[in-house]
Amino acid sequence: MLTLLLIVLAAVGLLAVMRREAGATAALVVLAVLGLVGLVFDAAVIGVLLLLGAAAVAIAGLPALRRQWLTPRLFAMFKKVAPKVSDTERTALEAGTVSWDGELFSGKPQWNKLLNFKDDGLREDEQAFLDNQCAKAAGMCNAWDIAIERADLPQQLWDYLKKEGFFGMIIPKEYGGLGFSAKAQSMVLQKLSANETLMVTVGVPNSLGPGELLLKYGTQEQKDHYLPRLSDGREIPCFGLTGPRAGSDATSLPDTGVVCKQMVNGEEVLGLRLNFEKRWITLAPIATVVGLAFRLFDPENLLGDEEDRGITLALIPRDTDGMEIGRRHHPIGSPFMNGPIKGKDVFVPLDTIIGGPDMIGQGWRMLVECLSIGRCITLPSGATGTARYALGWSGGFTRVRRQFNVPVAEMEGVQEPLARMAALGYIAQATVYQTANLIDHGEKPAVPSAILKSQLTEFQRDILADAMDVHGGKAVTLGPRNYLGIGYSANPVAITVEGANIMTRNLMIFGQGAIRCHPYVLEELAAKDANDIKAFDKAFFSHAGLIFGNAARAFTMGFGIGKPNVPFDGPAAAYAQDIARLSAGFGLCADAAMASLGSALKKREMLSARLGDVLSNLYLASMVLKQWQAGDKVEGEEALLHYSCRFLLQRAEQAFVEIFDNLPNRALGKTLKVIVMPTGRRWDKPHDDDARDIAKRVSTHSALRTKLLHNTWDADDGEQRNPLARYNALLVDYERAEAIYRTVNKAYAKGELPQTALHPEARVEAALEGRLISEEDAQFMREFEAEVLEMLTVDDFPYETFATDKSTLIDHNAKPQSTQASKTADSIK
C-alpha cells in the first residue's frame, strides 16, 4: 500500500513541478524526499528507485553537473540536425514582432497580455470619413457597370477618390495624407467591399507599395517629393515584384540591375541599368510611378568590393525611357487595373533607389517588414467586408423569397449556411479588428498576417459559395441587378495574391512561427551560430522544461484538472480555458515534430500545414474572445459566440488528430494523442439550435443583424441603388407583411379566395374584395410585393449582346437554306 502511495505521490509531485516548470532542483527534492520516506518506512525497493531517479535528475538537470558531460554532447548533436536558415529566411524571421502568437506557442498563454491592448475606437475624423466619403464612393458603384460595361471605375469615382485622399490613408497628415490608424484603414476597406474593384483599387496603394516603403525607408528628399503627390492622387503607384518565374518564391528574382555610368544631358551619371519583366502588377496600367524589386550587381566595383549587392528597390517614373507599361491583364471576375511591366536597358540614377545607396541590398528586408502589416489589413479587410455584405444580402433575400408558402429562411437547409456565414463573418470581424488594434499599439504581427490572409480569404470563399447557394437563380444570372455573382467569380484573386494560400498555409504559418514565435528555438539557433555553449545550455534546458511543462499541462487539463484562471466572465471563460489547454498541446506537438523530423519538417508540408491550422484556429478564437470581452453585447450574440468558438475549437482538435495519425514515428503520434487528448475530443460541431437562432436573427430586423452590418454601406443614398438598404427596409416591414401573408394564404387554402388567384398580388386583391384585409393593408402589400418582386427579378438582354465579335453571331432561328431556295423557285414559277 505504501509503495502505491509513494508512486502516486511521486507522479503528482512531478506533474506539479512540470506544470510550473520549477526546474531540476524541485524535481530532485520531490524524488529524494519520497525515496527517503520509502527507505525509512520499509518500502526499500520503491525508495531506492526514487533515489536513483533523483540522482539521474541531478546529473542531467543541475547546471553544474550537466555542463561537464551532457551539454557538450547535446550541442554537437544539435549542430548536426538543426535546420539551416538561409539569409532570406533569417530576414523573414527577424521581420515584425511577436505578440499573442508567441503566447500561444508558449503553451501557457497569459490572457492579460492580450486584454491589455486597449481599444480606443476610431477618431472622430476617421468615423466621419467612414460615414460620409466611404458611403459616397460605394454609392457610385454597380458591379455590372464596372466589370462588364466599363472594365474600370467611373471617371467621377476616380476623381473623387483622389480628391478625398483615399490613396493617402497611411500617409501622415504633414505630407497631405489622412494619417489613419490601422483600424480605420480596415474599416474603410470593409465598407468599400460593397464592390471588390473599388476595394482593391483603394487598398493596394495603402498596403505593400511605394507609399509605405517611402514612409519607412525613403530619403527625406524622396518623402518630400512623392508623399504629397501620392496623397492627393497626382501620382498613382504600383509595385513590381512578381514575374513569370518569381511568384510565391519572390526571392528568386531574375530581374537585374547593373551599376554603371552613362552620359545624361552631356554629363556622366552613376546609376543602374535595369532589365526586368513583371506580371500581375496591380495598378500598373495607370501607374505614374513604379516601385521595382530587382537583383543588383556591381561587376566593375563602382560602389565597393562586392559584386552581388542583393535585392534592391527603386522608384521609377512612368515615362522613363525603355520601360513598357500600360497593357492590361484580365483578372478573373474583376477589372481592377492589373498588368505587365517590362524594361530593357532602362537607365536610372542612383537616387531612384528607395532610401538611397544606403539601402542597396536591403530590399527583401524592407518588403517583409512592410508585408507584416499590409498583409494583416488589405485582403483580410476585403474578405471581412465581403462577408458582411454577403450576409446582409443573403439574410434579406432568404426572408423575402418564399417557396411552399414560407420564407426560405425558415427552412433548415437554408438556415445552416446562413448561420455558418454569420459565424465566419463574426470571426473575421473580430480577428481583423483586434489585430489592427495590435498594430495601432506598435506591433508588427508577421505570423498573424499569414494567418489572417489565408484564413479570412478562405472564409470569404466559403461565405460566397453559401451566398450563391441560398440565392439560387438570382445570383447565377448576371446583370445590373446581380450584386453577388461578379464578386463570387473574383474570389480566386484574393486566394492567390500576397502569398498564395497553399504556400501560406503549408510553409509560412508554422514554418515561420516555429522559429519566430517559439520562446527558445531562435536562441538555440543563435547560440549554434555563435558557437556559444553556455547560451545553448541555458536555452536548451529551458526548452526542455517547456516541453515537460506543456506535456503536464495538456495531460492534466485534458482531465479537467488545474484549469487556469482566465480574466473572462460568463460563456467566454470555458473557451479561454480550453484554448489554454490546446495551446499546451500545440506547444508539445510543435516541439515533438521539430525534434523527431528536424530539418526534414520543411518538406513535410502537410504536417506543417496542420500544425499551422491548430495555431490559426487558436488565434482566431482568441480574437473572438477579446472582441466579446471588449464590446457591447446584443440579444442573440451569445449563440453566435458559442457557434464561432465551437466551430474553431472543433477544427483545432481535428487538426490535432490528423497530426497524431500522420507523424512518421507512429509511437510518438500515439503517445502525443494520449497526452493531449486523454479523454478524446471535447468539441463537436456547432449545435443546430444555435444555427436556427442565428439564422432567424440575421434574416430579420434584429439587434444582431444590425450589429453585424454596422459600418457597411446600408443607406439608399448613392448614385446606384443599394440592395442592402432595400433588403433592410423590407425586413423592417416584414412582420406586418407576414401576418397578412398568413391571413391571405389561409383563406386561399380554405377555398375562400378564387383558385385562379395564384400570384400574391392576385390573392391580396381577392382578400380585399372579400373584406379579409383592409384597404390600408392591401396598399401596403402592393408596395411591399412590388419591391420584393424587384429584388427577385433578374436581367435579360438582346440576343446579340454578349457576342464581342458580332460577325461570329449565329442566327439559330434562321430558316434552313433549302427551304428558302424552294420558296424562291416557287415564286419564279
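Two residues are in contact when heavy atoms of theirs lie within 4.5 Å. Keep that in your pocket, as we'll use it several times on this walk through the structure. One more thing before we set off: what you're looking at is a predicted model.

Let's start with the whole thing. The protein has 829 residues, and 54% of them are buried. Along its principal axes, the C-alpha trace spans about 120 × 90 × 65 Å. You'll find 33 helices in there, along with nine strands. The accessible surface adds up to about 36,300 Å², and carbon and sulfur atoms account for 54% of that. As for charge, there are 88 positive side chains and 99 negative ones, with the centres of the two sets 6 Å apart. And how do the contacts spread along the chain? Take those with a separation of 6 or more: 75% of them link residues 24 or more positions apart.

Now zoom in on some strands. Strand E2 covers residues 256-264 and strand E3 covers residues 267-282; the two run antiparallel and are joined by nine bridges. One pair to look for is Lys 261 with its bridge partner in E3, Leu 270. Between E2 and E3 there are just two residues, making the pair a hairpin. In that turn sits Asn 265, with a positive phi of about 55 degrees. E2 has a parallel partner too: strand E4 (residues 289-297), paired with E2 over three bridges. Here, Thr 256 stands opposite Arg 295 in E4.

Next, the inside. The largest nonpolar core contains 132 residues. Which residues have the most contacts inside it? They are Trp 111, Phe 568, Phe 586, Leu 618, Leu 625 and Phe 656. Pick Leu 618 and leave aside its neighbours within four places in sequence: Leu 618 is in contact with Leu 104, Ile 579, Leu 582, Ser 583, Phe 586, Leu 649 and Ala 652. Apart from this core lies another one, of 60 residues, and among them are Phe 166, Phe 167, Val 259 and Phe 294.

Helix H24 is a good next stop. This helix runs over residues 572-597 and holds Arg 581. Is Arg 581 buried or exposed? Its relative accessible area is 3%, so Arg 581 counts as buried, since the cut-off for buried is under 20%. Not counting residues up to four places away in sequence, Arg 581 touches Ala 554, Met 557, Gly 558, Glu 653, Val 676, Arg 682 and Trp 683.

Ala 580 is in helix H24 as well. With 5% relative accessibility, Ala 580 is buried. Setting aside residues up to four places away in sequence, Ala 580 touches Gly 107, Pro 109, Met 557 and Pro 564. For a sense of distance, try Thr 288: Ala 580 and Thr 288 are 292 residues apart in sequence and 50 Å apart in space, C-alpha to C-alpha.

Last stop: Gly 35, in helix H2 (residues 24-40). Gly 35 has a relative accessibility of 0%, and therefore counts as buried. Once neighbours within four places in sequence are left out, Gly 35 is in contact with Gly 47, Leu 50 and Leu 51. Where does Met 337 lie relative to Gly 35? From C-alpha to C-alpha, the two are 76 Å apart in space, and 302 residues separate them in sequence.

Note on methods:
Residues numbered from 1 in each chain as written. Predicted model: local features only at pLDDT ≥ 70, side-chain atom pairs only at ≥ 80, totals over all residues. Heavy atoms only, no water. Pairing = 2+ DSSP bridges. Helix = DSSP H or I, 4+ residues; strand = E, 2+ residues; numbered from the N terminus. Core = buried A, V, L, I, M, F, W, Y, C linked by side-chain atoms within 4.5 Å. Buried < 20%, exposed > 50% of the residue type's maximum accessible area, 1.4 Å probe, protein only. Areas by Shrake-Rupley, 256 points an atom, 1.4 Å probe, with all protein chains shown as cover. Lys, Arg positive; Asp, Glu negative; His and termini not counted. Charge placed at Lys NZ, Arg CZ, Asp CG, Glu CD.
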